[in-house]
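Subject: Handover of a structure and its findings

Dear colleague,

Please find below the structure that I am handing over to you. The findings follow directly after it, grouped by topic.

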Amino acid sequence: MEIHTGSCRCGDIEFCFYNDPINSIFCYCKECQALTGSDKWFGLWVARDNFKFTKGAPSTYTRAGNSGKDVNYKFCGTCSTTLCAEVTAGNFYSVSATSLKNNKFNPKMSIYASSAPPWAIFPVDVPKFDALPPELRG
Ligand SMILES: [Zn+2]
Ligand SMILES: [Zn+2]
């Protein structure tokens with residue numbers, strides 16, 4: 001079984017998850033833009049049971065997702081790195097690929113492309129969807 005580890009920038013919070021993610025996605029929605037200060041969030045979707053925090057206690061910010069169910073962002077209260085978003089509608093975590101120690105995963109699709117700013121960068125070889133592709137809707 002493969003274990004992937006990650007942490008926030010200052011090291012107060014550490015996490016790990018088991019096995020490869022269900023999906024790896026560039027999300028260009030407005031929420032992800034606000035969260036990252038960038039055009040997109042690079043999220044690795046990990047089943048809730050395969051993910052855990054191994055050091056420290058993250059802070060939580062909760063918003064209602066598009067489904068109406070909660071999205072819980074877990075971030076470091078010291079350095080403010082967002083480590084993951086718990087998507088309760090889909091029973092998975094969208095883990096920040098950037099916070100992994102050795103990220104070997106590449107994006108498989110770009111979603112919410114219609115919300116992207118005019119200056120957004122889209123990889124040419126990655127399938128692009130205006131919103132959420134049908135197979136990803138819970
Ligand atoms: Zn930190
Ligand atoms: Zn998003």
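Phe26 has Ser110 as its bridge partner in strand 10. That bridge belongs to the pairing of strand 3 with strand 10, which is parallel and runs over 3 bridges. Please bear in mind throughout that this is a predicted model.

**The sheet of seven strands**

Strand 3 and strand 10 are part of an open sheet of 7 strands, ordered 6-7-8-9-4-3-10, in which the pairing is mixed. Strand 6 (residues 59-64) and strand 10 (residues 109-111) form its edges, each pairing on one side only. On average, neighbouring strands in this sheet are turned by 30 degrees against each other, direction ignored.

Within this order, strand 4 (residues 41-47) stands between strand 9 and strand 3. Strand 3 (residues 23-27) is joined to strand 4 by 5 bridges, and the two run antiparallel. Here Ile25 stands opposite Gly43. Strand 4 also pairs with strand 9 (residues 92-96), again in the antiparallel sense and over 5 bridges. In that pairing, Ala47 has Phe92 as its bridge partner. Is strand 4 largely enclosed, and why would that be said of it? Of its 7 residues, 6 are buried, so strand 4 is largely enclosed by the rest of the structure.Asn72 belongs to another member of this sheet, strand 7. With a relative accessibility of 12%, Asn72 counts as buried. Neighbours within four places in sequence aside, Asn72 is in contact with Thr60, Tyr61, Thr62, Cys84, Ala85, Glu86 and Thr88. The C-alpha atoms of Asn72 and Cys27 are separated by 16 Å, and the two residues lie 45 residues apart along the chain.

**The sheet of three strands**

There is also an open sheet of 3 strands, in the order 1-2-5, with antiparallel pairing. Its edge strands are strand 1 and strand 5 (residues 51-55), each of which pairs on one side only. Neighbouring strands of this sheet are turned by 25 degrees against each other on average, direction ignored. Strand 2 and strand 5 run antiparallel and are joined by 4 bridges. Phe17 has Phe51 as its bridge partner in strand 5.

**The zinc sites**

Which residues coordinate the zinc ion (ligand 1)? The SG atoms of Cys8, Cys10, Cys76 and Cys79 do so, at 2.3 to 2.4 Å. The site is tetrahedral, with angles of 107 to 113 degrees among the 4 donor atoms. Along the sequence, the donor residues of this zinc ion are spaced C-x1-C-x65-C-x2-C. Distant parts of the chain are linked in this way: Cys10 lies in the loop between strand 1 (residues 3-7) and strand 2 (residues 14-18), whereas Cys76 lies in the loop between strand 7 (residues 70-75) and strand 8 (residues 82-87), 66 residues apart. Cys10 is partly exposed, at a relative accessible area of 38%. Cys76, at 2% relative accessibility, counts as buried.

The zinc ion (ligand 2) is coordinated by the SG atoms of Cys27, Cys29 and Cys32, at 2.1 to 2.3 Å. Its donors follow the spacing C-x1-C-x2-C along the chain. Cys27 is buried, with a relative accessible area of 9%, and Cys32 is buried as well, with 8%.

**The nonpolar cores**

In soluble globular proteins, nonpolar side chains tend to be buried together. The largest nonpolar core of this model holds 20 residues, and those that touch the most other members are Phe15, Phe17, Leu44, Phe51, Val95 and Leu100. At least two residues of this core come from each of strand 2, strand 4, strand 8 and strand 9. Strand 4 gives the most, with 3 residues.

What is Leu100 in contact with, leaving aside its neighbours within four places in sequence? Its contacts are His4, Thr5, Gly6, Phe15, Phe17, Leu44 and Phe105.

Another core, of 12 residues, lies apart from the largest one; among its members are Cys29, Cys32, Trp41 and Leu132. Cys29 and Cys32 are also donors of the zinc ion (ligand 2).

With kind regards

Methods
Residues are numbered from 1 along each chain as its sequence is written. Chains are lettered from A and ligands numbered from 1 in the order in which they are written. This is a predicted model: local features need pLDDT of at least 70, side-chain atom pairs count only at pLDDT 80 or more; totals for chains, interfaces and linings use all residues. Side-chain values use heavy atoms; hydrogens and water are left out. Buried means under 20% relative accessible area, exposed over 50%, partly exposed in between (1.4 Å probe, protein chains only). Two strands pair if DSSP finds at least two bridges between them. Donors are N, O and S atoms within 2.8 Å of the metal (3.2 Å for Na, K and Ca); water is not among the atoms, so sites may look incomplete. Four donors count as tetrahedral if all angles lie between 85 and 135 degrees; four count as square planar and six as octahedral if opposite donors are over 155 degrees apart and all others between 65 and 115; anything else is irregular. Axes are lines fitted to C-alpha atoms, for helices over the stretch in contact, and angles run from 0 to 180 degrees between N-to-C directions. A nonpolar core is a set of buried Ala, Val, Leu, Ile, Met, Phe, Trp, Tyr and Cys residues joined through side-chain atoms within 4.5 Å. Contact means heavy atoms within 4.5 Å.
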